[in-house]
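Visitor: Please take me for a close look at one part of this model and what surrounds it. I would like to start from a single side chain and work outwards.

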Amino acid sequence: MDWTVRELEVFVAAVDTGSFTDAALLLHVSQASVSRTVAALERALGDHLLRRVPRGCEPTAFGLQLLPHARRVLAEASRFSEVVRSRHGLVRLGYAWSALGRHTAPLQRRWAREHPEVGLELVRFNSPTSGLAEGRCDVAIVRRPVDDRRYGSFVVGLERRLVAFASDDVLWARRRQVTMAGIAGRTVVIDPRTGTTGPDLWQGAATLPTFVESTDVDSWLDAIAAGRGVGTTAQATADHHPRPGVTYRPIKDGPRIAVRLVWLRDARPAGLDELVHTVTELYATP
C-alpha cells in the first residue's frame, strides 16, 4: 500500500472538524482537494475511512481503528520537522486570532535585536492549538487551557475582555462599557474551536445568549459588522484587528483572559525560555 503524511493529515483534519468543508478551511485548501485526498487514501488502504452524514462526516469503524495510529505518525513527522527546523535557527510562533495584540511588533523588534542568531516567524493557523498539534509551529499562543499531559504551557499575561458590536448598533452605540448580563440578552457570535466565549461565561445566570458560530476571526468580524450579533474577545483582537463598522468596548465585569505560550512536552523548542521571558516582560509593561 502507498500513502502519504499529507493524506493522513487531511483524514485527521476531517475527523477533528467533522466536515470536509471545515477541514478545507483548517488546511487552507479547497473542499474538492480534501475529498480527492481522502478518496486517494481510501483507495490505497482498500477500505472507507469516512462516511457522509447530514451535518458533515464521521469516521467508519475502520477509520476509528486507524485514527490513533494516524495521529502518532503525524506527531512523529512533526518531531522530525522540528529537528530539521532547529538546525536552521528558526522558532515559529503560532496564533489563531490575534497574536499578542499591541505586543506583537515590539516582540518581533526586540527578538531580532537580542537574538539575531535565531529567527522568529509568526504563523497564523486557526485551530485550538494555533497550529501546534498540526506541526505548523514550534510554540503557540493560546487563550484557552490545553491538555497538560501533552503540552507544556506558561501564562505570560492577562488581557481585558471586550465586547465587539456593530458601530451603528442602536442599543449600544453610545455606551462606554457593558456588562455580562447585558450581553446575555443579545445574539453572540463565537468561534467554538479557538475562541474564548461560550456558555460557561454565563454559568448560573438566569439568561443565556443565543449563539451563532463563525469559523475564524474574519468571519466573526464580518458577522458583527453586519449586525448579526455581538462578540466578546480579548484586548488583543481590538489591537490586531481594528475593523471599520465594528466598535470595541470594555466589559465591566468580564473575566480576564489568560494568554499562554504552549509547546509539545516531548519536543521542547530551542529558544523557549528566552521567548517566555521576553513576552512576560512585555505584558508586565504598562
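Guide: A polar contact is a pair of N or O atoms within 3.5 Å; within protein, one must be able to donate a hydrogen and the other to accept it, and residues adjacent in sequence count only if both atoms are side-chain atoms. This is a predicted model, in which local features need pLDDT of at least 70 and side-chain atom pairs pLDDT 80 or more, while totals for chains, interfaces and linings use all residues. Residues are numbered from 1 along each chain as its sequence is written, and side-chain values use heavy atoms, without hydrogens or water.

Let's begin at Asn126, whose side chain makes a polar contact of 3.3 Å with that of Thr194. Asn126 sits in the loop that links strand 4 (119–124) to strand 5 (139–142); helices (H or I, at least four residues) and strands (E, at least two) are DSSP runs numbered from the N terminus. With a relative accessibility of 10%, Asn126 is buried, meaning under 20% relative accessible area with a 1.4 Å probe and protein chains only (exposed is over 50%, partly exposed in between). Beyond its neighbours within four places in sequence, Asn126 is in contact (heavy atoms within 4.5 Å) with several residues, including Leu26, Ala96, Trp97, Asp191 and Arg193. Thr215 and Asp216 are also among the residues that touch Asn126.

Asp216 is a good place to step into helix 7 (residues 217–225). Asp216 caps the N-terminal end of this helix, with a side-chain oxygen 3.2 Å from the backbone nitrogen of Asp218. Just past the helix, Gly227 has a positive phi of about 80 degrees. Within helix 7, the buried residues are Val217, Trp220, Leu221, Ala223 and Ile224. Looking down the helix axis, those buried residues fall within an arc of 160 degrees, so they line one face of helix 7; the arc is taken from the directions from the axis to the C-beta atoms. The cover over the buried residues of helix 7 includes strand 4, strand 7 (161–166), strand 8 (187–190), strand 10 (231–234), helix 8 (235–240) and strand 11 (246–250).

Strand 4 leads us back to the sheet beside the loop of Asn126. It belongs to an open sheet of 5 strands, in the order 4-3-5-12-6 with mixed pairing, where two strands pair if DSSP finds at least two bridges between them. Strand 4 and strand 6 (151–159) are the edges, and each has a single partner strand, so one side of each has no neighbour in the sheet. From one strand to the next, the twist averages 25 degrees. Inside this sheet, strand 3 (residues 90–95) runs parallel to strand 5, joined to it by 3 bridges, and Leu93 stands opposite Val139 of strand 5.

Two helices lie across these strands. Helix 5 (residues 104–114) crosses strand 3 and strand 4, at about 155 degrees to strand 4; axes are lines fitted to C-alpha atoms, for helices over the stretch in contact, and angles run from 0 to 180 degrees between N-to-C directions. Helix 9 (residues 272–284) lies across strand 3, strand 4, strand 5, strand 6 and strand 12 (257–264), and runs at about 15 degrees to strand 6.

Other strands covering helix 7 take us to an open sheet of 3 strands, in the order 10-7-11 with antiparallel pairing. Its edges are strand 10 and strand 11; each has a single partner strand, so one side of each lacks a neighbour in the sheet. Neighbouring strands here are turned by 35 degrees against each other on average, direction ignored. Strand 7 and strand 11 run antiparallel and share 5 bridges: Leu162 has Pro250 as its bridge partner, and Val163 stands opposite Arg249. Strand 11 is mostly covered, with 4 of its 5 residues buried.

Our last stop is Asp169, in the loop between strand 7 and helix 6 (180–184). Asp169 has a relative accessible area of 10%, so it counts as buried. Its side chain makes a polar contact of 2.6 Å with that of Arg186. Apart from neighbours within four places in sequence, Asp169 is in contact with Arg186 and Val230.
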